[in-house]
Amino acid sequence: MSWDSFIYFALSSVAFFILGAFFAWKGRKSWIIYTSTLIGLFILGGFIVNIWISFERPPLRTMGETRLWYSFFLPLAGIITYVRWKYKWILCFSTLLSFVFICVNLFKPEIHNKTLMPALQSPWFPPHVIVYMFAYAILGAATVLSIYLLWIKKKEIQEKEMEMCDNLVSVGLAFMTLGMLFGALWAKEAWGHYWTWDPKETWAAITWFSYLFYIHYRKGFPSNRQIPLYFLLISFVFLQICWWGINYLPAAIGSSIHTYN
Amino acid sequence: MLIQAIKSRNLVFGLLFGAGIVLIGLFLQLTVGAIEWTCITYPINICLVIFFLILLVIGYIFRARIRFVRWMGQYPAAISALAWVIFLTLILGLTKQIPEDQSENGIWGISSMLSFWPFFLVYCWLASILGMVVLSHLFPFRWRHLPFIFNHLGLFVAMVSATLGNADVKQLTMNVHVGQSEWRGLDKDGIVHDLPLKICLKKFSIDEYPPKLTIVSNKTGKVLFDKKSQNLSLEKSVTQGALLQWEIQVSNVILNAAPVELADSINYIKWFSSGATNAAYVKATNSFTKVHKEGWVSSGSFLFPYQALLLDSVSSIVMPGREPKRYSSEIELFTQSGKKVNAEIEVNKPLKIDGWKIYQYGYDEEKGRWSDSSIFQFVYDPWLPVVYAGIYMMMAGAVCMFAISGKRKEERK
């Protein structure tokens with residue numbers, strides 16, 4: 001199995017995601033929504049497992065590989081959110097974003113090989129990245145919701161919609177915290193120290209603090225809805241810098257151990 | 001409306017208070033200079049922690065009388081402190097930091113942010129707020145406060161102990177040759193320290209990934225690749241493949257090879273001594289022009305030069321050095337307390353003994369797999385258990401946060 005067969009897995013899983021999103025939007029029966037999304041996840045997950053086996057290492061090293069996980073976790077985060085809070089738009093969003101990331105991997109394939117440097121060969125590696133990707137997926141949902149509330153929705157923002165945002169952020173932040181701390185524990189085992197203010201770590205801290213800012217602001221000023229929503233967008237920009245932006249940031253180039261090729 | 005106005009005023013006060021802290025920090029930076037972290041070792045750091053805790057507790061006890069302390073426990077204080085923390089950490093993220101061993105400080109010290117007074121003071125301010133809200137949630141204790149306490153106390157403990165314990169961390173590297181013993185380590189300034197441990201290196205071994213073939217530009221030496229293939233990994237079963245427009249056939253791969261110069265060419269034979277290189281006999285056919293080239297390609301070693309196969313005027317096939325898959329050292333270790341331990345150390349699997357962690361740090365890279373020495377890193381961090389206690393609390397807090405998110409509000413309704 002290699003990336004050559006990705007297109008078949010990708011398109012068939014996206015077809016099922018679209019089906020699930022469509023049924024959710026139309027308010028059809030739950031079981032049909034769950035089943036189609038789960039089949040899609042099963043297909044994409046099957047591809048990940050297959051390349052994991054054939055690469056003989058977790059496929060988490062390159063940016064393309066993290067995008068693959070992201071496109072898997074978006075629909076998963078979407079369906080979990082749907083099960084819990086029944087937002088009928090969430091699956092449309094997660095499907096669309098997942099499709100975007102799948103397209104990036106289809107049209108801009110990277111060179112994938114088997115090598116994995118010894119420091120990355122650790123049982124901490126998969127949970128660290130997977131949990132982070134899941135957090136990014138949820139926080140991506142929160143970002144889209146805030147864009148919708150700020151600019152697309154013409155009527156006044158309801159408290160219920162703000163609560164939706166709060167829920168997404170606290171779940172995303174919980175996962176982000178776990179990802180960050182897994183990273184710290186791993187770093188101690190592999191590099192000798194749990195936190196060294198490496199540029200990636202610095203930006204992870206910035207992102208983390210800015211979502212904390214959102215949560216505290218919401219609790220402190222529940223009636224002010226615009227400012228926290230804007231801050232959510234800024235936080236997502238920080239998140240992007242942390243994820244891939246530091247590869248282009250002059251201050252970080254050449255001084256981070258978290259550089260992907 | 002009134003509450004909102006008071007809150008906004010509190011927030012403005014918080015932002016101004018933060019600005020005051022930054023100004024004080026700048027003043028300190030200009031007068032006493034950057035923070036000398038190396039001075040804050042045991043027992044000074046312990047004293048500072050105790051002093052800090054006492055200050056917090058006193059403030060907490062007299063909270064009814066001190067308005068400022070009550071303000072510290074409210075959201076506007078936390079929000080404004082977070083805003084300043086984000087701002088200063090952003091500066092750290094956006095400026096190129098100078099390595100610790102260089103003395104120059106750049107503009108106002110922001111290029112060594114970690115010893116920049118405003119940065120430190122703003123984090124102290126955040127820690128003080130954390131301490132205060134933890135105290136107010138601990139007494140009286142309620143089970144439903146547990147997630148809150150995990151999150152806030154965890155961050156407080158991890159942050160304070162990691163910062164103040166940092167100067168107590170000892171990091172030394174040690175280079176040991178096979179068959180020899182060593183007990184001295186070098187710190188980052190290159191000063192030799194005696195360790196309470198002695199290491200005898202019995203064996204050092206490297207597993208490498210299979211050799212690869214790739215096409216490089218004759219002019220720049222850079223790898224030329226298209227979307228599909230960059231290199232051809234010469235695993236056991238692989239005998240052919242494609243690189244760019246070239247069909248590649250590999251007829252002979254020797255992982256322990258030495259070149260033998262013949263009258264008009266070079267041949268590679270099996271050779272198992274130190275310094276042996278990797279070689280492959282490669283036949284390349286251009287799928288458009290049908291031009292055919294063949295010859296040996298070798299990665300070279302510290303003993304032998306590399307060998308490339310010239311394809312045309314612009315490109316050649318080369319074999320880059322093999323990448324390490326795993327490297328490890330078999331050691332015998334003696335401690336001052338008389339313990340004798342046999343162990344194998346590899347990357348991601350450090351050895352823990354008498355408060356020290358011993359890491360596989362490197363080897364003689366010039367010799368590669370024939371390296372006859374191994375580099376270890378010794379780390380001593382007496383505050384680690386405390387930092388870990390904080391980290392575990394934060395993890396527990398995160399799990400709680402996931403589990404209860406959205407529940408509270410539902411209950412309220």
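In this predicted model, B:Gly362 stands opposite B:Ile375 of strand E17 in chain B. The two residues belong to a pairing in which strand E16 (residues 356-363) of chain B and E17(B) run antiparallel, joined by seven bridges. E17(B) also pairs with strand E1 (residues 170-177) of chain B, again antiparallel, through eight bridges. In that second pairing, B:Thr173 is set opposite B:Gln377 of E17(B).

Chain B also has an open sheet of four strands in the order E5-E4-E12-E11, with antiparallel pairing. Strand E5 (231-233) and strand E11 (309-310) of chain B are the edge strands; each has a single partner strand, so one side of each has no neighbour in the sheet. Within this sheet, strand E4 (residues 212-217) of chain B and strand E12 (residues 315-318) of chain B are antiparallel and joined by four bridges. B:Ile215 has B:Ile317 as its bridge partner in E12(B).

The strand pairs of chain B with stated bridge counts are set out below.

| Strand pair | Direction | Bridges | Opposed residues |
|---|---|---|---|
| E1(B) and E17(B) | antiparallel | eight bridges | B:Thr173 and B:Gln377 |
| E16(B) and E17(B) | antiparallel | seven bridges | B:Gly362 and B:Ile375 |
| E4(B) and E12(B) | antiparallel | four bridges | B:Ile215 and B:Ile317 |

**Loops of chain B**

Two loop residues of chain B have positive phi without being glycine. B:Asn348, with phi near 75°, sits in the loop between strand E14 (340-346) and strand E15 (351-353) of chain B. B:Asn348 counts as partly exposed because it has 19 C-beta neighbours inside 10 Å, and 20 would be needed for a buried residue. B:Asp354 has phi near 50° and lies in the loop between E15 and E16 of chain B. With 12 C-beta neighbours inside 10 Å, B:Asp354 counts as exposed.

Cis peptide bonds occur at two prolines in loops between helices. The bond from B:Tyr42 to B:Pro43 is cis, with omega near 0°, and B:Pro43 is placed in the loop between H1 and helix H2 (44-61) of chain B. The bond joining B:Phe139 and B:Pro140 is cis as well, with omega about -5°. B:Pro140 belongs to the loop between helix H5 (117-138) and helix H6 (146-165) of chain B.

**Helix H4 of chain B and the contact with chain A**

Helix H4 (residues 75-94) of chain B has 20 residues, so at 1.5 Å a residue it should span 28 Å; the end C-alpha atoms are 28 Å apart, in agreement with that value. H4(B) is mostly covered, since 15 of its 20 residues have 20 or more other C-beta atoms within 10 Å and are therefore buried.

Between the chains, 45 residues of chain B are in contact with 42 residues of chain A. On the chain B side, the elements that give two or more residues are helix H1 (2-31), H4, strand E13 (324-335), strand E17 (373-380) and helix H7 (384-404). H4(B) supplies the largest share of this side, 13 residues. By class, the side of chain B that touches chain A has 28 nonpolar, 11 polar and six charged residues. E17(B) thus appears both on this side and in the strand pairings with E1(B) and E16(B).

**Domains of chain A**

The domain assignment of chain A gives domain 1 (1-110) and domain 2 (128-261). Their C-alpha centres lie 21 Å apart. The contact between them takes 17 residues from domain 1 of chain A and 15 residues from domain 2 of chain A. On the domain 1 side, helix H3 (63-85) and helix H4 (90-107) of chain A are the elements that give two or more residues. H3(A) gives the most to this side, with nine residues. The residues of the domain 1 side divide into 12 nonpolar, four polar and one charged.

**A buried leucine in chain A**

Where in chain A does A:Leu229 lie? A:Leu229 is part of helix H8 (residues 226-243) of chain A. A:Leu229 is buried because 24 other C-beta atoms lie within 10 Å. Leaving aside residues up to four places away in sequence, A:Leu229 touches A:Ser146, A:Leu149 and A:Leu150. A:Leu229 and A:Met176 are 53 residues apart in sequence, and the C-alpha to C-alpha distance is 19 Å.

Conventions: Residues are numbered from 1 along each chain as its sequence is written. Chains are lettered from A and ligands numbered from 1 in the order in which they are written. This is a predicted model: local features need pLDDT of at least 70, side-chain atom pairs count only at pLDDT 80 or more; totals for chains, interfaces and linings use all residues. The expected span of a helix is 1.5 Å times one less than its number of residues. Two residues are in contact if their C-beta atoms, placed from the backbone, lie within 7 Å. Ala, Val, Leu, Ile, Met, Phe, Trp, Tyr, Cys and Pro count as nonpolar, Asp, Glu, Lys and Arg as charged, and the others, Gly among them, as polar. Domain bounds come from an automatic or database domain assignment. Two strands pair if DSSP finds at least two bridges between them.
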